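Trainee: I should like to examine this structure with you and learn how its terms are applied. May we begin?

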Amino acid sequence: MTAVLAGLGTCLPPRVVGNRELSQRLDTSDDWIQARTGIHERRIADTGTTTVGMATSAADAALSDSGMADVDALVLATSTPDQLCPGSAPQVAAGLGLSGIPALDVNAACTGFLYALATAGGMLAAELAERVLVIGADTFSRLCDPDDRTTAPIFGDGAGAVVLRAGTAAEPGALGPFDLHADGTRANLLVVPAGGSKQRFSDNSHDYFLHMQGREVFRHACAKMAESVLAVLRVARLPLAGVDRLVGHQANLRILQTLAARLGLDEKHLVTNIGHVGNTSAASIPLALADAVDGGHLRPGHHVVLTAFGAGLTWGSSVLTWPPVRGNMQGHRIPEDSYEPVVR
Ligand code: COA
């Protein structure tokens, strides 16, 4: 059995925070953020809006897009769960009225959605389930120090979900192969030092926030995603010239442009929505897919490569042929100009 994509849904919190608003309280500027990251604005969850809430809303939208009433299992990719313990996936299942189905969190940071897709694919192949919800949801604004100009402008909040069903490898929407990797020797490049078992409490409140070595992360992201895309294309026997859309994790527009250049892929094949949502971590790929479908930039029959990179370090890629799935964005549409690649 192969996992086949059968529905797509998203949820973005309504509050839009633009670069100008950030530059009123941080030593930064709209020009710097746009030039160095491609981000114009991001969505920020208000108090009371949590990862579980956004994940449940996106999953509900994906279910209605698929036309299915329920699923047999749920995998939630997140590194910002509502609590450290328990995992958030059972609460999402409960919110959907699906208490009792197996539900687990996958923490692979910004690569989490790809890891979760592979996990769900394994459940389908092992015949543990016939339909699985895979959700990517993160509330990274809660992990960013609001006074840190090196992280606060980068991240936004949101959720995206897909419904996978058991099918065959020849069908449009069939996922795979996958290429997945991790390197824990570089965990310090993106880390929240306190709050876990290593450093439960800290006198320094900054230890509870995300610390990022941006330049190093940038370098590794470009190199590892390029390697991974080439590896997955080799296994899929898909030539680069056959790739219609590259849907990369939206961490920085310059990372995506460097990736396209390294691969020798024309930027018109890049899917980008980072300008309006920022880096939404595990939600990034499903949000980008939904925006591209909604804007007509991603159409049935397109050969799509998914690729991501994140804390851990983790990275990976997969491929699929886009199926006749329309996506349910629940009115959170963004302007179509975000599909135009920005060339500097
Ligand atoms: N506004 C203004 N200046 C800023 C700034 C901001 N928001 N953030 C950093 N700077 C400054 C730095 O202090 C530095 O100043 P200096 O030259 O006086 O020391 C200068 O800008 C350049 O900093 P640098 O970190 O080299 O910038 P950069 O071009 O690498 O861009 C990132 C910074 C974070 C945008 C970039 O490194 C990046 O996107 N990295 C990857 C991040 C990522 O993907 N994270 C998630 C992984 S999933």
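Trainee: Which residues around the ligand come nearest?

Mentor: Of the 23 residues around the ligand, Thr28, Arg36, Arg149, Arg215 and Asn252 come nearest; a residue is near a molecule if one of its heavy atoms lies within 4 Å of it. This is a predicted model, in which local features need pLDDT of at least 70 and side-chain atom pairs count only at pLDDT 80 or more, while totals for chains, interfaces and linings use all residues. Residues are numbered from 1 along each chain as its sequence is written, and side-chain values use heavy atoms, with hydrogens and water left out.

Trainee: What makes the approach of arginine 215 to the ligand a polar contact?

Mentor: A polar contact is a pair of N or O atoms within 3.5 Å; within protein, one must be able to donate a hydrogen and the other to accept it, and residues adjacent in sequence count only if both atoms are side-chain atoms. A polar side-chain atom of arginine 215 lies 2.6 Å from an oxygen atom of the ligand, so the pair meets the cut-off. For arginine 36 the corresponding value is 2.7 Å, and for arginine 254 it is 3.0 Å.

Trainee: Which domains does the assignment give?

Mentor: The assignment, automatic or from a database, gives domain 1 (2-173 + 327-332) and domain 2 (175-321).

Trainee: How many residues of domain 1 and domain 2 are in contact?

Mentor: Contact means heavy atoms within 4.5 Å, and 52 residues of domain 1 are in contact with 48 residues of domain 2.

Trainee: How many salt bridges does the rule find across this interface?

Mentor: The rule requires a side-chain nitrogen of Lys or Arg within 4 Å of a carboxyl oxygen of Asp or Glu, and it finds zero between domain 1 and domain 2.
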